[in-house]
Amino acid sequence: MSWQKITGQERVKNILQRAIIENKVAHSYCFWGIDGCGKDALAIEFAKAHNCLSPIVRENTISACDECENCKSIDSLQNPNVQLLFSLPTPKNSSSKDENILYKMSEEQLEEIKQQIALKAKNHYHKISISGANQIKIASVREIKKNLSMSSITAGRRFIIISNADELTSEASNAFLKTLEEPNDDITIILTTSRIESILPTILSRSQQIHCSPIPDELIQTHIIENFNKSIEEAKIISVFAQGSYQKAIEYLDEDMQAFRETAINAFRYCLVNNYRIKLLKTLDPIFKLKNKKKLEQFITLLMLWLRDAVILNTTRNKNLIINIDQVEALELFVNYFGKKDLPACIEKLELAISRIPKNVMTELILMDLFLDLRNILLKK
Ligand SMILES: [Zn+2]
């Protein structure tokens with residue numbers, strides 16, 4: 001993965017490349033920004049560009065060659081100079097006297113950890129997630145410190161990347177702070193976090209803070225179309241859901257958003273006909289069965305995007321502003337028929353339905369209430 005494979009973040013890429021070229025790499029960085037905007041990917045690429053054996057240097061840029069042994073081992077997260085620290089579960093085999101926390105893990109736990117590292121190696125945007133792991137404990141920090149105290153096996157600068165550093169326990173944070181207080185010229189520590197407010201101020205004040213911004217919708221769309229063969233229609237919808245997170249966009253790729261949206265629009269259509277109940281219930285049946293809050297929110301949001309397009313079309317008549325570009329005809333028909341009704345009130349009802357999801361209201365109730373409300377607003381004389 002080279003700089004180009006990281007979507008957006010041009011400002012950050014420039015800062016990091018300049019630091020290498022001008023030999024001003026800091027002892028500690030904190031990359032912060034929303035989940036999935038590429039913080040870990042940037043950290044790994046930075047370490048790679050720095051440790052590449054034959055980097056490509058041009059004026060103000062320096063990129064890894066992606067061919068040498070260092071590049072390959074850093075990309076696959078197997079280079080001893082680049083260590084990734086992340087939350088681990090409580091070991092199941094804690095009777096082991098061994099100091100290394102990994103040796104205390106059960107076979108199953110180790111397998112899960114290995115799988116997660118493999119996924120991260122394949123896709124640096126991958127968010128490592130291990131069952132029962134939500135803390136970076138002091139044992140992990142001690143392990144890293146022990147490794148750092150030994151001289152490095154290979155030449156080059158050592159990088160410690162603490163992924164989701166907000167998960168450091170306060171004990172671990174304090175142990176780690178000591179490392180920052182005694183900086184080593186050959187070591188760079190990079191904390192990545194989407195919750196910078198949860199990082200110890202004393203750690204932050206010793207780190208160069210670099211904000212990684214959410215990725216613009218257009219960039220996500222281009223990337224999805226070019227790399228995953230998606231249509232512009234689908235890319236547009238996915239980018240809205242991704243909300244600036246490349247990782248989220250990737251997660252949505254596997255889902256058939258268009259089919260899902262079709263169901264939402266059909267249900268909406270059926271709630272406006274005579275004898276609507278049976279048709280509506282039949283259309284919503286697969287959604288009732290999902291039993292998945294995230295999916296339910298997605299379902300309602302898809303309808304909300306469609307209705308927002310209707311409102312935009314109704315007020316501006318500008319087709320270029322809508323998201324569901326393959327739906328122009330249906331949207332125009334709808335607006336011609338219902339344009340004088342209170343469409344913003346419909347959107348409020350959709351928002352209300354979404355706000356009920358976390359409150360454990362039954363899916364059936366949320367959706368039936370919603371569609372009845374929409375029916376009442378639109379059919380009111
Ligand atoms: Zn290289």
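Here is a working chat about the predicted model above.

Me: Hi! What is this thing made of, in helices and strands?
Reply: Hello! This is a predicted model, and the protein in it has 16 helices and seven strands. Its C-alpha trace spans about 80 × 55 × 35 Å along the principal axes.

Me: And how much of the protein is buried?
Reply: Of the 381 residues, 36% are buried.

Me: Which domains does the assignment give?
Reply: The domain assignment gives domain 1, residues 3-213, and domain 2, residues 255-379. Their C-alpha centres lie 43 Å apart.

Me: Let's go to the sheet. What is the strand order?
Reply: Five strands form an open sheet in the order β4-β5-β6-β1-β7, and the pairing is parallel. Strands β4 and β7 (208-211) are at the edges with a single partner strand each, so each has one side without a neighbour in the sheet. From one strand to the next, the twist averages 20 degrees.

Me: I'm looking at β5. Is it mostly covered or open?
Reply: Mostly covered: β5 runs over residues 158-162, and five of its five residues are buried.

Me: Which residues sit on each side of it?
Reply: Arg158, Ile160 and Ile162 are on one side, with Phe159 and Ile161 on the other, and all of these are buried. In general, side chains in a regular strand alternate between the two faces of the sheet.

Me: How many bridges tie β5 to β4, and how many to β6?
Reply: β4 (residues 82-85) is joined to β5 by four bridges, and the two strands run parallel. With β6 (residues 187-193), β5 pairs over five bridges, again in the parallel sense.

Me: Can you give me some partners? Which residue of β5 pairs with Leu84, for a start?
Reply: Leu84 has Ile161 as its bridge partner in β5. Towards β6, Arg158 is partnered by Ile187, and Ile160 by Ile189. To get from β5 to β6, the chain passes through helix α6 (residues 170-181), making a right-handed β-α-β crossover.

Me: Back to Ile161. What does it touch, apart from its sequence neighbours?
Reply: Setting aside residues within four places in sequence, Ile161 is in contact with Asp40, Ala43, Ile44, Leu84, Leu85, Ile190 and Thr192. Ile161 also shows up in the largest nonpolar core, which has 83 residues: along with Phe31 and Leu42, it touches the most other members.

Me: Which element gives the most to that core?
Reply: That is α13, with 10 residues. Both domain 1 (3-213) and domain 2 (255-379) contribute residues, so the core lies between them.

Me: Different topic: why do you call helix α9 largely enclosed?
Reply: α9 covers residues 232-242, and eight of its 11 residues are buried, so the rest of the structure largely encloses it. The buried ones are Glu234, Ala235, Lys236, Ile237, Ile238, Ser239, Val240 and Ala242.

Me: Which helices do those pack against?
Reply: The buried residues of α9 pack against α8 (217-228), α10 (246-253), α11 (257-270) and α13 (293-316). Right after α9 comes Gln243, with a positive phi near 50 degrees.

Me: Where else is there a positive phi in a residue other than glycine?
Reply: Asn23 is one of them, with phi near 55 degrees. Lys291 is another, at about 50 degrees, although it is not a glycine.

Me: Where are they in the chain?
Reply: Asn23 is in the loop between α1 (10-21) and β1 (28-32). Lys291 is in the loop between α12 (276-290) and α13.

Me: Are those two buried or exposed?
Reply: Asn23 counts as exposed because it has 6 C-beta neighbours inside 10 Å. Lys291 has 9 inside 10 Å, so it counts as exposed too.

Me: Last one: how many of the contacts join residues well separated in sequence, say at least 24 apart?
Reply: Among contacts between residues at least 6 apart in sequence, 70% join residues at least 24 apart. Ile161 in β5 and its bridge partner Leu84 are a good pair to click on if you want to look around the sheet.

How values were computed
Residues are numbered from 1 along each chain as its sequence is written. A residue is buried if 20 or more other C-beta atoms lie within 10 Å of its own, exposed if 12 or fewer, and partly exposed in between; C-beta atoms are placed from the backbone. Two strands pair if DSSP finds at least two bridges between them. A crossover is right-handed if, with the strands pointing away from the viewer, the path from the first strand over the helix to the second runs clockwise. Domain bounds come from an automatic or database domain assignment. Two residues are in contact if their C-beta atoms, placed from the backbone, lie within 7 Å. A nonpolar core is a set of buried Ala, Val, Leu, Ile, Met, Phe, Trp, Tyr and Cys residues joined through C-beta atoms within 7 Å. Axes are lines fitted to C-alpha atoms, for helices over the stretch in contact, and angles run from 0 to 180 degrees between N-to-C directions.
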